[in-house]
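Hi,

Here is the structure I said I would pass on to you. Have a look at it first, then read on for what turned up.

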Amino acid sequence: MNEHERYFFDINGYLIVRNCLTKSQIGDLSDRLEKQRRQESKDVYGSDRTVGLSVSTEEWTAPSLLEWGGMYLDLVDIPTIAPYLESLLGVDYRLDHDYLAVITPDTPRRLYLHGGGQGAGGEKDIVGTTDGGQCYFRYHDGRFFNGLVAVAFELDDVSSDDGGFACIPGSHKANIPLPEDLRQSASQDDLSSMVTKVGVSSGDAIIFTEALSHGTVPWSGTGERRTIFYKYTPHAVAWGPCFYNYRNYPGLTDNQIKMLNPPGAFGGNQRGGWGSIRERQVQDK
Ligand SMILES: O=C(O)CCC(=O)C(=O)O
């Protein structure tokens with residue numbers, strides 16, 4: 001993350017990484033998605049992991065795009081994005097949840113702004129409670145601290161007039177709650193001038209802190225928007241109630257395995273068990 005990008009992210013709460021996916025990577029992601037769509041047409045695949053298994057059990061589970069294999073596994077840790085995540089989350093960050101949204105002219109959506117620094121999203125915020133949940137943003141001692149960072153990988157060109165990602169730049173540092181009348185917009189004509197619509201090209205990624213007031217602008221494009229969201233937390237933090245089992249995905253790199261760890265104080269090192277960590281601490285003394 002260079003100096004300009006750090007400055008841009010600090011004052012705006014998001015940034016665009018251009019061309020972070022190659023044409024063949026986009027092709028693989030797109031082919032695997034279209035295969036699923038032929039089997040079952042949905043607006044959202046994967047899950048934000050907020051779905052309980054059933055009301056009668058305390059277990060949680062969530063479908064994941066990682067089951068689709070190929071580039072969906074590679075995306076967990078790609079070199080064009082990893083340095084940004086390390087700057088924004090620190091080392092040993094983890095993948096918290098993943099999903100993919102398909103927007104078409106038949107599914108226009110309503111903008112519902114959520115997030116907002118220092119809990120400014122207020123009581124009705126869907127990313128956390130009045131204290132902002134764990135979707136915090138801080139900058140201290142030369143380092144960014146974020147509770148949840150989203151990477152939105154775009155498979156299609158999306159002009160800012162089409163719709164898609166939008167935010168109130170700088171609102172990740174807001175101290176005053178989002179005025180309720182700004183929260184929802186049924187069409188682009190209703191949008192507040194404070195909302196910035198962000199255009200992207202196929203293969204770009206938008207990285208944003210969930211502390212930012214952001215959402216999806218009602219669609220007025222003629223084509224589709226297919227966006228893959230991978231959301232990361234610091235290693236000891238969880239947003240969703242579910243976590244991954246890396247054993248379900250053979251062939252992962254050591255780094256990918258670390259990122260699929262459940263939350264915990266020792267990040268990627270906790271797989272060896274607490275016993276081996278204590279032994280190492282004793283040896284290091
Ligand atoms: O459509 C978008 O890019 C925004 C998605 C969003 O609001 C979120 O991931 O929390």
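Before the helix, one definition: a residue counts as buried if 20 or more other C-beta atoms lie within 10 Å of its own, and as partly exposed if the number falls between that and the exposed limit of 12 or fewer. Also keep in mind that this is a predicted model.

Let's start with helix α4, which runs over residues 82–89. Tyr 84, Leu 85, Leu 88 and Leu 89 are buried there. Those four cover an arc of only 105 degrees around the axis, so they sit on the same side of α4. What do the buried residues of α4 pack against? Their partners are β1 (14–17), β6 (143–146), β7, β11 (205–209) and β13. After α4 comes Gly 90, with a positive phi near 90 degrees.

Next, the ligand. The residues around the ligand are Ala 150, Ala 152, Gly 164, Phe 165, His 214, Gly 215, Thr 216, Thr 227 and Phe 229. Two or more residues of that shell come from each of β7 (149–154), β8 (164–167), β12 (214–217) and β13 (225–233). Which element gives the largest share? That is β12, with 3 residues. By type, the shell around the ligand has 4 nonpolar residues, 5 polar and no charged. You'll have met β7 and β13 already, as they are among the strands that the buried residues of α4 pack against.

Two of the strands in the ligand shell, β8 and β12, turn up again in an open sheet. This sheet has 3 strands in the order β10-β8-β12, with antiparallel pairing. At the edges are β10 (196–197) and β12, each of which pairs on one side only. Strands of a sheet pair through backbone hydrogen bonds, in general, either parallel or antiparallel. Here, β8 and β12 are joined by 4 bridges in the antiparallel sense. For one place to look, Cys 167 has His 214 of β12 as its bridge partner, and His 214 is also one of the residues around the ligand.

Last, a single residue: Ser 47, in strand β2 (residues 44–47). Is Ser 47 buried or partly exposed? Ser 47 counts as partly exposed, because it has 17 C-beta neighbours inside 10 Å. Leaving out residues up to four places away in sequence, Ser 47 touches Ala 62, Pro 63, Ser 64, His 97 and Tyr 99. Tyr 99 is 52 residues from Ser 47 along the chain, yet their C-alpha atoms are separated by 5.0 Å.

Cheers

Key:
Residues numbered from 1 in each chain as written. Predicted model: local features only at pLDDT ≥ 70, side-chain atom pairs only at ≥ 80, totals over all residues. Near = placed C-beta within 6 Å. Nonpolar A, V, L, I, M, F, W, Y, C, P; charged D, E, K, R; others polar. Pairing = 2+ DSSP bridges. Arc of directions from axis to C-beta. Contact = placed C-beta atoms within 7 Å.
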